[in-house]
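Student: Hey, can we go through this protein together? I'd like to get a feel for it piece by piece.
Tutor: Sure, pull it up and ask away.

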Amino acid sequence: MTDYVQEQEMEIEALEAILMDEFKEIHSGESGLNTSSRCFQITLSPQDDEADESTTLPVELGLIFAHTEKYPDEPPLLNVTSIRGIQATDLRILKEKLEQEASENLGMAMIYTLVQSAKEWLTEIYSQDADIDNTAEEEAEKDDVIIPHGEPVTVETFLAWRERFEAELALERAKLMPESALTAPKEKKLTGRQWFESGRATAKGAATVAEGSEEEEDEDIDFDDDDFEDDEEEDMLEHYLAEKTDTSSHS
């Protein structure tokens, strides 16, 4: 005689050890099953055991079961519920599939087999939609990527660019200058070099003026030859008159 209770307990212990946090006992009123026996729920998703967590799909399934009195020689009570993202029509299809497989596995503990079958079904159905979404996201990301275009930078191209940049900068500065500065006479708009040269010109001009002053002073103290000749003639006339006067007196 088969000890159904012991076999059922052993299966529950094995499922707890394998599924861990995905396996829990729930109240019979939450199970949707017409039974007062212990009820359990296994949370499933289409993620592969070896897949990275980032690839988890946004759907989750609750597989609910309860052992019947003569399980495993008779099928367990089964129900499926959507925890996230599964449509009602898909739930009906999956439930019929699991009930069919349960009837094909009578005489052996079958809950883990049903879990694997449900997980494969989820992966097959919902991974296709996820692949389409992922492809769309990848295409969108490719569109967002900016691919640099243009020729590589060389010394020549850099110098040409800098020349254009400086010209544009000078133009912008000219736009910011007041109109009076732009319309001023050319002699008022002197560069630094022009200011420096103008300072040298002023000094040179001062030196020229100084030389001119010296020439003027030289002209002030210059004596004409005519002046000397006039003085000599006057002296000679006075000397002649004096001698003639002395001769007359002796006579």
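Student: OK, how much area does the protein expose, and what share of it do carbon and sulfur atoms supply?
Tutor: Keep in mind that this is a predicted model. The protein exposes about 19500 Å², and 52% of that comes from carbon and sulfur atoms.

Student: And what share of the residues is buried?
Tutor: Of the 251 residues in the protein, 22% are buried.

Student: How many helices and strands are there?
Tutor: There are eight helices and four strands. Going along the sequence, the pattern reads α-β-α-β-β-β-α-α-α-α-α-α.

Student: Which residues touch the most other members in the largest nonpolar core?
Tutor: That core has 27 residues, and F23, I42, L44, L61, F65 and L98 are the ones touching the most other members. At least two core residues come from each of α1 (4-19), β2 (39-44), β3 (60-66), β4 (77-84), α3 (88-104) and α4 (111-144). Helix α4 gives the largest share, seven residues.

Student: Let's zoom in on I42. What does I42 touch, leaving out residues up to four places away in sequence?
Tutor: I42 touches L19, E22, F23, L61, G62, L63, F65, I111 and V115. There's also another core apart from the largest one, made of five residues, including I26, L33, C39 and I64.

Student: Back to α4 for a second. Is S117 buried or exposed?
Tutor: S117 sits in helix α4. It counts as buried because its relative accessible area is 10%, under the 20% cut-off. Beyond four places in sequence, S117 touches K97, L98 and E101.

Student: New topic: where is H67?
Tutor: You'll find H67 in the loop between β3 and β4.

Student: A loop, huh. Is H67 buried or exposed, then?
Tutor: H67 is buried, with a relative accessible area of 9%. Outside the four places on either side in sequence, H67 contacts Q8, E11, I12, S37, R38 and I111. With E11, there's a side-chain polar contact of 2.9 Å.

Student: How far apart are H67 and V5 in sequence and in space?
Tutor: They're 62 residues apart in sequence, and 9.2 Å apart in space going from C-alpha to C-alpha. For the protein overall, take the contacts with a separation of 6 or more: 56% of them are between residues 24 or more positions apart.

Student: Which residues does the cis peptide bond join?
Tutor: It joins Y71 and P72, with omega at about 15°. P72 is in the loop between β3 and β4. This one is worth noting because most peptide bonds are trans.

Student: And what is the phi of M20?
Tutor: M20 has a positive phi of about 55°, although it isn't a glycine. Most residues other than glycine have a negative phi, so that's worth a look too. M20 lies in the loop between α1 and β1 (23-26).

Student: Why does M20 count as exposed?
Tutor: Because its relative accessibility is 57%, and exposed means over 50%.

Student: Last one: which residues make the nonpolar surface patch?
Tutor: V153, V155, F158, L159, W161, F165 and L169 make it, and the patch covers about 680 Å². L169 belongs to helix α5 (residues 155-176).

Student: Why is L169 called partly exposed?
Tutor: Its relative accessible area is 33%, so it falls in between the 20% and 50% cut-offs.

Note on methods. Residues numbered from 1 in each chain as written. Predicted model: local features only at pLDDT ≥ 70, side-chain atom pairs only at ≥ 80, totals over all residues. Heavy atoms only, no water. Core = buried A, V, L, I, M, F, W, Y, C linked by side-chain atoms within 4.5 Å. Buried < 20%, exposed > 50% of the residue type's maximum accessible area, 1.4 Å probe, protein only. Contact = heavy atoms within 4.5 Å. Patch = residues over 30% accessible without salt bridge, like charges linked within 9 Å, V, L, I, M, F, W, Y side chains within 5 Å. Areas by Shrake-Rupley, 256 points an atom, 1.4 Å probe, with all protein chains shown as cover. Salt bridge = Lys/Arg side-chain N within 4 Å of Asp/Glu carboxyl O. Polar contact = N/O pair within 3.5 Å; in protein donor to acceptor, adjacent residues only side chain to side chain.
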